[in-house]
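Reader: Please take me through a close look at the salt bridges of this protein. I should also be grateful for an account of the packing around one loop residue.

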Amino acid sequence: MNKTILQYFEWYLPDDAQHWKRAAKDAKHLADMGVTDVWLPPAYKGADGIHDVGYGVYDTYDLGEFNQKGSVPTKYGTKDEYIAAVKAFHKAGIGVLADIVLDHRIGADHTEWVEAETVNPENRDEITSDEQEIKAYTLFDFPGRGGKYSQFVWNATCFKGVDFDASTDDNKIYKFIGKKWSRNVDKETGNFDYLMGADIDFQAPYVTEELYRWGEWYLDTVGMDGFRLDAVKHITSRFFEGWLTNLREKSGKELFTVGEYWNAELPILLEYLDNVHNSMSLFDVGLHFNFFNAANAGGNFDMAHLLDNSLVQARPENAVTFVDNHDTQPGQALESFIPAWFKPLAYAVILLREGGVPCVFYGDSAGIPHNDIPPMGEPLEILMKLRQTHAYGPQHDYFDDYNIVGWTREGSEEGPGLAAILSDGAGGEKYMYVGKQHAGETWVPQLPTEDAAANEPVVIDEEGGATFHVPGGAVQVYTKDS
Ligand code: CA
């Protein structure tokens, strides 16, 4: 099987605590679709309780077990239902990636008086106030959990800063006196250590020890197969390499991991991968924005450059490719949703090419009812199937035209090959080589289209090539008739 991740949530899932139950029921169907791994949303209690998507993390030991923040279950269900869903996925042969949110904590149980100074939000290295006492939400003692699993109490010494002073109701970025932002973080805003809430201090040894302990407890309790790491550009690059190494050594598992480093600049992603010694993959943010720009150029994007500066081109073995996610969907923080007409083209690129591990978005496979966005349906289902049945063997690229580009896979012992052709402008044709061993074979279009030329089978010539057709603003995929 070709590894294929499904991000099994979108931002606006109902706050009904039923998602884990739905997931368990869906596991077999997802396996039939060609999904080999699911990325599940953050499973621990957020500050907004049952309404929290999971990124406003309050208590990482509360997987929907304790009456905290207004309910026992999280947005997605209870701890037992979560573990049952993981087991159902395993039974269906699907691996589970857990979402790890460690940059910050939100929803402290008590405030503390802390000495702090404000910083310029546009340049966090610039101090903009005298030292002052603020009332910070930094004391987490989790009364609803009562010390079960861990007695650790988080207080102001575990954090570097906050964005709220409860004594004045002011929203500013407050850095605690005696703390320094980490240097090994993204350089946007001067220093992007601070993102939100109470920012965790990874330089405090008792904090990292607790996070190592928690990681072991979480892996032991749930038995997941890997991780998606949230907001890694806001966390010292030194932390996760050690955290992952510890868990890999303790468990003996590979623990496939992808980090969310939200930056489209390829050199920055490569530098981070070097810093963490390739201990994880990263989402290919650059490729997402190439899709976004192509889709919004109304047919005037130079398709020859569709893969330029993408991580999958530069370091395919560490690239997780995606089209959209819960942050890029309409209404969300990083909104850059790929228009519907371009989605099949983008999915063909991530699903049918050699490099990278593709991550399919639930909002595309199941739709986003909140925004009346329907599931993609057949084009996505066909492309996901083709990934498992036909995306094998050496690749030949034809990214050589302003409108019409394509590639072929020759096939291998693992499975047969294919020819993919896309156009962001008018329909047309392209001659592509699929391998001399295929001479004389008839290859058949796989995606439904009204375009007559792109609906006709083609015969591979003696040289091992053929002229393939694509409708305007679409993708077509050909495979050997069988
Ligand atoms: Ca941080």
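Author: Lysine 179 and aspartate 201 are both buried, a word that stands for under 20% relative accessible area, with exposed meaning over 50% and partly exposed in between (1.4 Å probe, protein chains only). The model is a predicted one, in which local features need pLDDT of at least 70 and side-chain atom pairs count only at pLDDT 80 or more, while totals for chains, interfaces and linings use all residues. Residues are numbered from 1 along each chain as its sequence is written, and side-chain values use heavy atoms, with hydrogens and water left out.

The two buried residues, lysine 179 and aspartate 201, form a salt bridge whose closest N and O atoms are 2.6 Å apart. The pair links distant parts of the chain, 22 residues apart: lysine 179 belongs to the loop between strand S11 (173-176) and strand S12 (198-200), and aspartate 201 to the loop between S12 and helix H3 (205-222). Helices (H or I, at least four residues) and strands (E, at least two) are DSSP runs, numbered from the N terminus. A salt bridge requires a side-chain nitrogen of Lys or Arg within 4 Å of a carboxyl oxygen of Asp or Glu.

The structure holds 27 salt bridges. Another of them joins aspartate 37 to lysine 3, with 3.2 Å between the closest N and O atoms. Here too distant parts of the chain are linked, since aspartate 37 is in strand S2 (residues 37-39) and lysine 3 is in the segment before strand S1 (5-7), 34 residues apart. What is the accessibility of each partner? Aspartate 37 has a relative accessible area of 8%, so this residue is buried. Lysine 3, in turn, counts as partly exposed because its relative accessibility is 28%.

A further salt bridge is formed by aspartate 225 and lysine 253, whose closest N and O atoms lie 3.8 Å apart. This pair also links distant parts of the chain, 28 residues apart: aspartate 225 is in the loop between H3 and strand S13 (226-229), whereas lysine 253 is in the loop between helix H4 (237-251) and S14. Aspartate 225 is partly exposed because its relative accessible area is 23%. Lysine 253, with a relative accessible area of 30%, is partly exposed as well. Elsewhere, Asp99, Arg228, Asp230 and Glu260 are joined into one network by salt bridges that share partners.

The loop residue to consider is asparagine 263, which is found between strand S14 (256-259) and helix H5 (266-275). Why does asparagine 263 count as buried? The reason is that its relative accessibility is 9%. Apart from neighbours within four places in sequence, asparagine 263 is in contact (heavy atoms within 4.5 Å) with Asp186, Glu188, Ile268, Leu269 and Val285.

Of these contacts of asparagine 263, Val285 leads to helix H6, where it is one of the buried residues. H6 spans residues 285-295 and is mostly covered, with eight of its 11 residues buried. Besides Val285, the buried residues of H6 are Gly286, Leu287, His288, Asn290, Phe291, Ala294 and Ala295. Their packing partners are H5, strand S15 (281-283), helix H7 (311-314), strand S16 (319-322) and helix H8 (343-352).
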